[in-house]
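Take a walk through this model, strand by strand. Keep the sequence and the 3D view side by side.

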Number of protein chains: 2
Amino acid sequence: MPRLYVEPDLALGGAVALQKEQSLYLAAVLRKVVGDEVVLFNGRDGAWRTRLTSDSKKSVTLEVVEQVAAQTPPSELWYGFAPLKTERLDYVIQKATEMGAGIIQPVLTRYTQVSRLKHDRLVANAIEASEQCEVLTVPVVAPETTLEKLLSTWGAEQGDRQLILADESEASASPVEQVAALRGQKVGLLIGPEGGFSEEERQVLRAQAFVTPVSLGPRILRADTAAVAGLALIQAIIGDWR
Amino acid sequence: MPRLYVEPDLALGGAVALQKEQSLYLAAVLRKVVGDEVVLFNGRDGAWRTRLTSDSKKSVTLEVVEQVAAQTPPSELWYGFAPLKTERLDYVIQKATEMGAGIIQPVLTRYTQVSRLKHDRLVANAIEASEQCEVLTVPVVAPETTLEKLLSTWGAEQGDRQLILADESEASASPVEQVAALRGQKVGLLIGPEGGFSEEERQVLRAQAFVTPVSLGPRILRADTAAVAGLALIQAIIGDWR
């Protein structure tokens, strides 16, 4: 059954009118007709089974039939990354959503390949991934910031959140124990760009009290692989896989 | 510096003649000339810095200058997966290589999307990923098999290897503890197809004494995401990230 993110409130017996783009998708692409069912969610009211009451390609309307998943709290997990080129950027947003990041923060670093991001496109990717992966709250994609600004405003913006840094130079005995030591705290994961952080950036990062550098093993990981691997560790050890 | 997998032995002062395709790549694509340096590895002798002594586009030759990495033993980690469509299949092979799988086994299941695989293409992908990720031994890509055959020959082929099964239906308290319980044993990870295993397949899998079903969290993961996430857990908890 298709699963769509919508803005309006969802409640038993309520009616929802879809915007043009989603109407076209359901009525023209998926060829849904009156009586067909679709799951809707909005990040506030859980997920609901709904039924088409109009299959107009300009304005599909649906009646809200039954709640199929209760709303869960939004994820507190922060994920920061140096943006990649477009195709792989889309991919990273999808993967972070799948892995349960709640806040996705593009961070411009010295060796970052791109400088201006299409924010709308990143948000669209987060929505699409949420629709596919049965995430109930679409992660927030924050506007890009610089590494310098991120660090200088960390305490004010993030409170006591701890930042796990994927650091190729870290010769740690066990990333498992390092992550486990952060249990009960709000955490974030920061992945550097292809080519890594500059030496100066790494020194500054490692000097922060809120930063825990961890090793993701002896092989060179692409940034998107490191994202999934790092988020998997966090979710399994101190996150919502438990 | 480019990094290439070759067949010949590598030893100090030795000479290596590249095959046509790699010669063309170095001399024409990368425009390397006599005196330029390249890293070579063969899965047996570690990685070596080498220097071009001919930049012929048909036959590049190199002299072996210095060992830059000692050979490490091949990975014992087995990774089985239900093959996906071509593009994502390439991707899965690359990711498994990056994550340090030693044996990559395509497994045909009831809901598998493809039935015949281009074995050469899978091997080429494993080689390319090894070149890029500084893996010293290219993983072995086994010919495809069926789930039924895999299970009926497991003991004979795999000895006492334990098989970690990513199972959406598993409501385990902690995949970390389940993986940690396999410490010191040879392990494998099996990821099902998009759409999952059939109910019958899952029953049969779960009935095997060598199978440990684990949960990869509450969200639906794509097969390629599940591969990276599952291999990250194994490497971090009982593998070579320690």
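The tour starts at a central strand, then visits two helices.

This is a predicted model: local features need pLDDT of at least 70, side-chain atom pairs count only at pLDDT 80 or more, and totals for chains, interfaces and linings use all residues. Residues are numbered from 1 along each chain as its sequence is written, chains are lettered from A and ligands numbered from 1 in the order in which they are written, and side-chain values use heavy atoms, without hydrogens and water.

Begin with strand E7(A), residues 103-108 (strands are DSSP runs of at least two residues, helices H or I runs of at least four, numbered from the N terminus). Five of its six residues are buried (under 20% relative accessible area, 1.4 Å probe, protein chains only), so E7(A) is largely enclosed by the rest of the structure.

Strand E6(A), residues 78-81, runs parallel to E7(A), joined by four bridges (pairing takes at least two DSSP bridges). Here Phe81(A) stands opposite Pro106(A). Between E6(A) and E7(A) the chain passes through helix H2(A), residues 86-98, in a right-handed β-α-β crossover (clockwise from first strand over helix to second, strands pointing away from the viewer).

E7(A) also pairs in parallel with E8(A), residues 140-141, through two bridges. Ile104(A) has Val141(A) as its bridge partner. The crossover from E7(A) to E8(A), through helix H3(A), residues 119-133, is right-handed.

Now the helices. Val29(A) lies in helix H1(A), residues 20-29. Val29(A) counts as exposed because its relative accessibility is 55% (the cut-off is over 50%). In chain B, 16 of the 16 residues of H8(B) are buried, so this helix is largely enclosed by the rest of the structure.
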